[in-house]
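Grab a pencil and work through these exercises with the model open beside you. Each task comes with a solution that goes step by step.

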Amino acid sequence: MAGMIQEAQMIKITNLEKFYRTEEVETIALNKLSIEIATGEFVAIMGPSGCGKSTLLNILGMLDDPDAGSYVFNDIEVAHFTERKRADLRKHNIGFVFQSFNLIDELTVFENVELPLIYTGVASAERVKRVEEVLDKMQIMHRRNHYPQQLSGGQQQRVAIARAVVNKPKLILADEPTGNLDSSNGNDVMELLTDLNEQGTTIIMVTHSEHDARYSHRIIRLLDGQSVMENIMV
Amino acid sequence: MIKNYIKTAFRGLQKNKGFTAINILGLALGLATCLLIVLYVIDELSYDRYNTKSSRIYRVNEDLKLGDNSVQYAVCMPPLAKTLKAEYPYVENAVRLKNAGSWHVKKGNSNILENRVVYADPSLFDVFTLPMISGNPSSALAEPNSVVITETAAKKYFNSINVVGKTLVLNDNTPFKVTGVIRDVPKQSHFNFDFFLSMPTWPDSRSNEWLRSDYNTYVLLKAPSDAKKLEASFPELLKKFSGAQMQAQLNMSIDAFEKSGSFFRMNLIPLTDIHLKSSLSGELGPNGTTQYIYIFSAIAIFILLIACVNFMNLSTARSSNRAREVGVRKVLGSDRKQLIAQFLTESVLVTFVATLLAFITALFLLPLFNQLSGKELEINRQSLVWIVPALLFISLFVGAIAGSYPAFYLSAFQPVDVLKGKLATGFKGSRLRSFLVVFQFSISIFLIIGTLVIYNQLNYIQTKNLGYNRNQVLIVQNVFELNKQAKIFKQEVKEIPGVINATMTGFLPTSNWKSTAIYYKDATLDQKKSLFPQSWEIDEDYVKTLGMKMVAGRSFSKDMPTDSAGIILNESAARFLGFNDVNKILYKSQGGKNTLDNVKKYHVVGIVKDFNFNSLRESIGPVVMTLAENTGALSIRVDTKNLPALLSQIKNKWKELSPNVQIDYSFMDQEFDASYRTEQRTGQIFIVFTSLAILIACLGLFGLAAYAAEQRTKEIGIRKVLGASVSAIAGMLSKDFIKLVFISILIATPLAWYFMNKWFLQGFAYRINIQWWVLVLAGLAALFIAVITISFQSIKAAIANPVESLKTE
């Protein structure tokens with residue numbers, strides 16, 4: 001299956017379906033969606049509320065599993081992986097950035113960023129080195145011993161990005177990363193993501209903001225769980 | 001990794017200080033209380049186990065049935081001990097104890113009254129483990145007028161424990177040579193004496209009578225299994241040794257005696273059972289009962305359950321707030337196992353802290369508890385051997401159970417669901433939590449009812465009409481010290497203004513003086529027509545002084561010379577004999593070789609209204625009173641505003657008659673109260689524990705109400721925006737819990753009613769009925785406490801600014 005595409009392909013989903021059921025209603029979140037994303041791309045996913053953006057991102061991030069269809073990640077079919085296997089794949093390959101930051105309140109900046117390294121079993125000395133490196137890069141070293149509540153929104157998102165990249169993931173999934181930020185802080189975050197992409201990290205970002213989307217190479221527009229348009233940015 | 005768990009746990013706990021405090025304090029308090037009760041129960045269960053040979057030691061009890069009378073004795077015949085040792089090779093040794101009553105012991109010029117005096121056979125130290133500090137255990141009690149004393153007594157009288165060879169003067173005239181000093185008898189002993197007089201001092205101990213029982217007799221068997229063998233041989237033994245005496249005294253053989261429906265039999269009770277299971281005639285001291293052991297154990301388990309349920313409830317309630325953290329951790333690569341480990345570590349950590357706190361609390365509360373329970377419990381190296389592992393086990397167990405809900409439940413969800421906070425919605429929906437709240441409150445209500453019942457019963461005992469008037473009666477003990485002047489003392493005391501009357505006898509409803517005798521309805525001494533009552537010697541002033549009432553006939557009188565052969569029965573005795581009138585005749589054997597020739601004839605002069613002389617746990621037995629001089633005590637009915645003056649007058653009279661012996665007096669109502677001290681203590685302990693249980697349950701409810709309110713913050717905000725009033729919201733929040741309390745009332749009330757009747761009140765011959773208002777009061781109390789607890793949180797949530805509450809989502 002693999003190797004048919006000229007550029008190295010990272011993600012290929014085919015006929016992906018996802019339903020949400022309540023007692024009376026069945027909602028189709030993803031309707032036979034097919035998308036391919038190459039390594040090194042910066043893709044924005046857009047669409048109105050309820051179009052399935054977040055569902056897609058969750059499935060791409062292996063936080064959720066599809067009801068039907070195929071999902072090939074780096075040449076491996078992962079659609080029906082067990083949670084354990086998904087967790088394993090996830091922690092080595094994917095970093096997440098959320099709209100609401102999702103930092104753990106009880107941990108300091110340093111400890112929040114350190115967490116993924118603990119879960120991947122990195123030795124303590126190496127952890128300190130790598131966390132300091134990435135905090136430095138995100139320019140929040142001076143806040144290393146603060147708790148999330150003591151930081152501004154922009155700073156919190158920097159910490160979240162630091163946490164997402166500390167493990168050097170191949171893919172970063174960002175769910176409206178600027179949604180809770182003012183425009184100045186939002187621009188900073190977008191610059192950071194662009195830098196990361198230029199250094200080789202694939203980025204998939206869900207956004208409502210046309211402004212933010214312009215940072216990407218390609219925009220995939222979803223409506224009612226289907227891809228309705230793709231814009232290639234120049 | 002563990003470090004990270006502990007760090008997160010610690011900071012999380014710190015952040016929710018209120019929750020943490022409630023959770024840890026509740027559990028710690030529960031565990032501490034439980035620990036104290038366990039110490040108490042273990043103490044009760046450990047009686048007599050200090051004896052290294054305890055598993056092989058038995059006491060011989062005697063069952064006597066005479067016609068329709070039956071009595072069980074803790075004492076046996078004088079020659080039994082030596083006979084058992086001689087007859088049965090598997091009886092390694094035997095020892096007799098005989099309570100010696102009170103003695104005055106001389107110290108300097110004064111005589112001090114000692115109550116803890118006993119006669120003991122020389123074999124005492126071979127059977128019981130009473131380590132001797134100085135002296136020779138095998139010969140110490142062999143000679144007449146020797147005494148072995150405890151360390152405490154030695155220090156009291158000689159200021160030293162090296163006193164072997166020194167002399168103690170007893171009752172101002174009898175020298176005893178100290179032949180040994182032993183360590184104090186452990187508190188956990190069914191007998192507790194300071195002076196062990198050598199049995200050979202007491203001439204009666206050489207008696208060969210097989211038809212009377214007054215020696216506590218213990219056997220040391222070669223193996224515990226010999227007990228059955230020995231018991232089986234008792235009938236044969238009795239036939240062999242008492243047969244001839246019975247023939248001579250009662251004019252019948254043992255077979256004929258048994259055939260008439262009467263019997264006397266012997267049985268063995270293991271030494272370690274005596275304290276909790278034996279309450280017979282002639283015990284060496286008051287024993288405990290298994291009833292309280294059961295009740296206390298049940299309370300301990302209840303409290304532990306309540307505390308654990310609390311802890312679990314609060315932990316799980318809080319854990320739903322942590323769904324987001326679980327989600328984040330999952331996204332960052334934590335797998336399920338790691339999350340489970342994290343939550344369990346955290347939970348065990350908290351229980352561990354609580355356990356530590358519980359231990360410290362128990363240490364601090366122990367002196368108070370000892371005061372309350374009258375015990376001398378301590379946490380020492382021996383008890384630590386079980387306390388530490390037990391506490392560790394409990395903290396691990398409770399921690400694991402409490403942590404298992406978040407650990408297994410939350411970690412099982414799809415990370416995207418937990419991240420979105422989907423789990424944080426349902427507080428109302430948690431059936432398990434509702435069940436646990438009902439469970440807790442049922443226990444609390446059960447305990448409230450139990451406490452009220454016990455309190456009422458004890459109150460009833462104390463205010464019950466006893467058939468005599470115990471108030472304003474001064475008892476001067478041991479009037480026999482005055483010898484022949486006892487009568488003069490009585491006369492002179494009666495003349496003191498403020499003294500209404502006085503009666504001289506040791507046989508009082510509140511005293512331990514007891515004596516029994518056999519009376520027959522006909523001169524042939526037919527067992528079938530016999531009465532086996534308390535047989536008391538009283539004087540003419542007895543009935544009047546003690547405020548008893550005659551229901552027929554009259555009391556004894558000086559003007560009736562024939563009263564020396566007169567008898568007063570109590571109602572029970574009259575009923576038993578079928579007498580409802582006076583002028584009936586009773587016969588009593590005067591002993592001697594040929595009993596039938598030596599029968600005394602008594603005529604009934606009066607029937608006195610029944611009065612309580614035993615514990616109110618037992619029903620009133622028959623009493624027969626004869627007119628005779630008994631100088632056991634002088635009971636004085638007084639009526640004065642100036643009691644100290646009256647007392648000093650009485651003391652002076654005593655001093656005039658007996659300058660060397662100190663007067664020993666007490667008040668009858670105090671003696672009565674003393675006999676119920678154990679019950680009162682138990683009642684107090686029960687009340688304290690129940691209050692604690694309810695407090696712990698309320699702590700839990702308080703925490704749960706807080707969380708319920710927190711969970712519904714958004715709902716509360718929306719409702720307020722839409723116009724709901726504070727009271728409507730407080731009501732809405734309280735309703736769920738109040739419903740649960742009502743369910744608890746429905747469950748607990750019938751159970752408590754049943755168990756208190758069956759378990760507790762059955763133990764009293766004179767008892768209350770559980771009134772309906774007790775049940776209602778308990779339910780209302782629980783409801784009231786719950787409403788107070790919950791409404792505090794509900795109102796707090798309801799008056800909050802709706803903008804604030806809406807912002808939280």
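## Exercise 1: The largest cavity

Task: find what lines the largest cavity, and where those residues sit.

Solution. Step 1: the largest cavity has 15 lining residues, and Ser315(B), Arg318(B), Arg322(B), Glu346(B) and Ser347(B) are the ones nearest its centre. Step 2: in chain B, the elements giving two or more residues to this lining are helix 2 (17-45), helix 9 (290-319), helix 11 (336-373) and helix 12 (381-410). Helices (H or I, at least four residues) and strands (E, at least two) are DSSP runs, numbered from the N terminus.

Some ground rules before going on: this is a predicted model, where local features need pLDDT of at least 70, side-chain atom pairs count only at pLDDT 80 or more, and totals for chains, interfaces and linings use all residues. Residues are numbered from 1 along each chain as its sequence is written, chains are lettered from A and ligands numbered from 1 in the order in which they are written, and side-chain values use heavy atoms, with hydrogens and water left out.

Step 3: a cavity here is a set of points, on a 1 Å grid over the protein atoms alone, where a 1.4 Å probe fits but cannot get out; lining residues have an atom within 4 Å of a point. Step 4: the volume of the largest cavity is about 150 Å³, counted as the space filled by probe spheres set on the grid points, which are joined across faces, edges and corners. Step 5: sort the lining by class and you get seven nonpolar, five polar and three charged residues. Ala, Val, Leu, Ile, Met, Phe, Trp, Tyr, Cys and Pro count as nonpolar, Asp, Glu, Lys and Arg as charged, and the others, Gly among them, as polar.

## Exercise 2: The second largest cavity

Task: say which element gives the most to the lining of the second largest cavity.

Solution. Step 1: this cavity has a volume of about 70 Å³. Step 2: its lining includes Ile94(A), Gly95(A), Phe96(A) and Arg163(A) from chain A, along with Val331(B) and Leu332(B) from chain B. Step 3: strand 6 of chain A gives the most, with three residues.

## Exercise 3: Two positive phi values

Task: are Lys32(A) and Asp48(B) buried or exposed?

Solution. Step 1: Lys32(A) lies in strand 2 (residues 26-38) of chain A, and has a positive phi of about 45° although it is not a glycine. Step 2: its relative accessible area is 51%, so Lys32(A) is exposed. The scale runs like this: buried is under 20% relative accessible area, exposed is over 50%, and partly exposed is in between (1.4 Å probe, protein chains only). Step 3: Asp48(B), in the loop between helix 2 and strand 1 (57-66) of chain B, has a phi near 65°, again positive in a residue other than glycine. Step 4: at 0% relative accessibility, Asp48(B) is buried.

## Exercise 4: Cysteines

Task: why does Cys308(B) make no bond to Cys34(B)?

Solution. Step 1: a disulfide is a pair of cysteine sulfur atoms within 2.5 Å. Step 2: Cys34(B) holds the closest cysteine sulfur to that of Cys308(B), but the distance is 8.4 Å, so the two are too far apart for a bond. Step 3: Cys308(B) is buried, at 9% relative accessible area. Step 4: over all chains, the structure holds zero disulfides.

Note on methods:
1 Å grid on protein atoms, 1.4 Å probe; cavity = no way out; pocket = protein on both sides within 12 Å on 5 of 7 lines; lining within 4 Å.
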